[in-house]
Amino acid sequence: MTALVIAEHDHASIKPATLNTVTAALACGGDVHILVAGANAAEAAKAAAQIAGVSKVIAADSASLAENLAENVAAQVLAIAGNYSHILFPSTANGKNVAPRVAAKLDVAQISDITKVDSPDTFERPIYAGNAIATVQSTDATKVITVRTTGFDAAAATGGSATVETAEGVADSGKSAFVGREVTKSDRPELTAAKIIVSGGRALGSAEKFTEVMTPLADKLNAGLGASRAAVDAGYAPNDWQVGQTGKIVAPQLYIAAGISGAIQHLAGMKDSKVIVAINKDEEAPIFSVADYGLVADLFTAVPELVTTL
Ligand SMILES: Cc1cc2nc3c(=O)[nH]c(=O)nc-3n(C[C@H](O)[C@H](O)[C@H](O)COP(=O)(O)OP(=O)(O)OC[C@H]3O[C@@H](n4cnc5c(N)ncnc54)[C@H](O)[C@@H]3O)c2cc1C
């Protein structure tokens, strides 16, 4: 029994979501291999070989894999899928784009968003926005799985010594073409990898106020900035800051929610945070039911005071 983890990488380094996925793969009970499908990605393959618990890295290098097009990555996975009992993807935008293609071609049911491995064929996954946990058993020969990264600790990025084997890169599928990419440049930690997140809600009232009030706190704490959907929909914060059921799922060491009511769809994205601090002027706000520390206060005075105190 061998599990294959599909690495999330930028061709030079391995992204943190891969490490949590390796932990899930190790819990499946057998050997763990990693596929690094990229272009000129030798450095990423080298980094993957250092991950504790991984016995082999398969480095597939091809120009067709330079832009992470899902059709090509899926073909690369399928080229070696026959050797594996489990194929695991991090439940990221990339992973969720490739996994269903692989599952469909293998004619197996995808097992999505697992948070626990009970046994090699039985897994747990949250349903109804995290309000219930389903235990799912699969009798398929190959288990194609996406892993909710907040459900598993990260494997150590160093300390391993896997062998690196090269696989022939697939040809371009011709089904899609890379047109361009607009990347937001930010010095802040990426939301899903941030140790501290400071999130603002509808109460902020405008994009200007959001920046004026929330940014100094995030700067002080070297935190990632998040937002509720209401704040995003109102244009106070960019779309990729949204935390929740239809946004990002996060579990930082510290999550500070200011002016967020705590709707279940928001809680679904952050309730696994280690310490939750809520600032809300309504003492009945549902966010207080998950908060470790709650401050009933006006955020427009409490947040600047917090920044000064810090
Ligand atoms: C299918 C679906 C998916 C969804 N997905 C998401 C998701 O991914 N993420 C998400 O966040 N939401 C999501 N939602 C929306 C969700 O239901 C809520 O509408 C949203 O989270 C509310 O955002 P909010 O807490 O900022 O706003 P509100 O619910 O309006 O809360 C604002 C809060 O600010 C407090 N407040 C007001 N003024 C101040 C002040 N001066 N100081 C302190 N506190 C103050 C109020 O007491 C209130 O509690 C989804 C909804 C649906 C139906």
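Colleague: Which helices each supply at least two residues of the shell around the ligand?

Modeller: Helix 6 (229–233), helix 7 (264–270) and helix 8 (299–309) do. Bear in mind that this is a predicted model.

Colleague: Good to know! Which residues of that shell come nearest to the ligand?

Modeller: Of the 25 residues around the ligand, those are Arg202, Ser228, Thr246, Ser261 and Gln265. By class, the shell holds 8 nonpolar, 12 polar and 5 charged residues.

Colleague: What makes the approach of the Ser228 side chain to the ligand a polar contact?

Modeller: An N or O atom in the side chain of Ser228 is 2.5 Å from an oxygen atom of the ligand. The cut-off for such a pair is within 3.5 Å, so this one counts as a polar contact. The side chain of Ser261 offers another N or O atom, 2.7 Å from a ligand oxygen, so that pair qualifies too.

Colleague: And what does Leu299 contribute?

Modeller: A backbone N or O atom of Leu299 lies 2.8 Å from a nitrogen atom of the ligand, and therefore meets that cut-off. As for burial, the ligand taken alone exposes 990 Å², of which the protein buries 76%.

Colleague: Where does the ligand sit?

Modeller: In the second largest pocket. We say "sits in" because more than half of the ligand's atoms lie within 2 Å of the pocket's grid points. The volume of this pocket is about 290 Å³.

Colleague: What lines the second largest pocket?

Modeller: There are 18 lining residues, with Ser228, Arg229, Ala230, Ala263 and His266 nearest the centre. Helix 6 and helix 7 each supply at least two residues of the lining, which divides into 5 nonpolar, 11 polar and 2 charged residues.

Definitions and conventions
Residues numbered from 1 in each chain as written. Predicted model: local features only at pLDDT ≥ 70, side-chain atom pairs only at ≥ 80, totals over all residues. Heavy atoms only, no water. Near = heavy atom within 4 Å. Polar contact = N/O pair within 3.5 Å; in protein donor to acceptor, adjacent residues only side chain to side chain. Areas by Shrake-Rupley, 256 points an atom, 1.4 Å probe, with all protein chains shown as cover. 1 Å grid on protein atoms, 1.4 Å probe; cavity = no way out; pocket = protein on both sides within 12 Å on 5 of 7 lines; lining within 4 Å. Helix = DSSP H or I, 4+ residues; strand = E, 2+ residues; numbered from the N terminus. Nonpolar A, V, L, I, M, F, W, Y, C, P; charged D, E, K, R; others polar. Points joined across faces, edges and corners; volume = space filled by probe spheres on them.
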